[in-house]
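Hi,

Here is the structure I said I would pass on. Have a look at it first, and my notes on what turned up are just below.

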Amino acid sequence: MPKNKFQDVVFTAIMATIMVYGMIVYNVALNMGGVTGETFFAALHELPIMAPIAFILELFIVGKLAAKMAFTVMKPTDRPQFITYMISICICCIMCPVMSLIATLLFKDVKTFGTWIQTWGMNFPMAILYQLFYCGPFVRLIFRTIFHEKKQ
């Protein structure tokens, strides 16, 4: 999707913000025992902390590592959407435990190895499904709308 570094930064910023906000809403809902209007507002308090962390990790470390991991399974000649799916899965496999650890250290009352593992375990299925079926397609739609190419 992104064709240059500027586009990569924009794409990563949009993806990190929407993905992080969705995951914070999910975790706040778990903590509150359900989803209410307050859930979405409460999630905004963690967003300015967690989104920049996710952005920096993704842009400088995880994106490159995930692409390398994906191409151990995929070939450059495979269908582009399958390559995109595999990279998205690899990103979740890296980002979910890392972001769960950061959230455990910053926001959990009990900061133990067990708390981190539980947080990671609760977040991982949601992160994969949210990324593949909602956030990923939505962010790619936004990105294509911003950087639409004229057909010749």
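In this predicted model, helix α1 covers residues 5-32 and helix α5 covers residues 113-146. Their axes come within 9 Å and cross at roughly 140°. Angles over 145 degrees would count as roughly antiparallel, so at roughly 140° α1 and α5 are classed as oblique to each other. The crossing of α1 past α5 is right-handed. As for what sits in that contact, its residues split into 18 nonpolar, seven polar and one charged.

α1 also meets α3, and those two axes come within 8 Å, crossing at roughly 130°. That makes α1 and α3 oblique to each other as well, and this crossing is right-handed too.

Next, the nonpolar core. In soluble globular proteins, nonpolar side chains tend to be buried together. Here the largest nonpolar core has 19 residues. If you want to click on its best-connected members, try Val-20, Ile-24, Met-50, Ala-54, Met-95 and Met-99, which have the most contacts inside it. The elements giving two or more residues to this core are α1, α3 (47-70) and α4 (80-107). Of these, α3 gives the most, with eight residues.

Since you work at the bench, you may ask about the cysteines: how many disulfides are there in the whole structure? The search finds zero. A disulfide needs two cysteine sulfur atoms within 2.5 Å. For Cys-93, the closest cysteine sulfur belongs to Cys-90 and lies 6.1 Å away, so the pair is too far apart for a bond. Cys-135 is in no disulfide either, and its nearest cysteine sulfur, that of Cys-92, is 8.8 Å away.

Are Cys-93 and Cys-135 buried or exposed? Cys-93 has a relative accessible area of 34%, so it counts as partly exposed. Cys-135, at 1% relative accessibility, counts as buried.

One last residue to look at is Tyr-85, which is placed in helix α4. Its relative accessibility is 36%, so Tyr-85 counts as partly exposed. Tyr-85 and Gly-136 are 51 residues apart in sequence, and in space their C-alpha atoms are 9.1 Å apart.

Cheers

Note on methods: Residues numbered from 1 in each chain as written. Predicted model: local features only at pLDDT ≥ 70, side-chain atom pairs only at ≥ 80, totals over all residues. Heavy atoms only, no water. Axes fitted to C-alpha atoms, helices over the stretch in contact; angles between N-to-C directions. Helix = DSSP H or I, 4+ residues; strand = E, 2+ residues; numbered from the N terminus. Parallel < 35°, antiparallel > 145°, perpendicular 65-115°, else oblique. Left-handed = near helix turned anticlockwise from the far one by under 90°. Nonpolar A, V, L, I, M, F, W, Y, C, P; charged D, E, K, R; others polar. Buried < 20%, exposed > 50% of the residue type's maximum accessible area, 1.4 Å probe, protein only. Core = buried A, V, L, I, M, F, W, Y, C linked by side-chain atoms within 4.5 Å.
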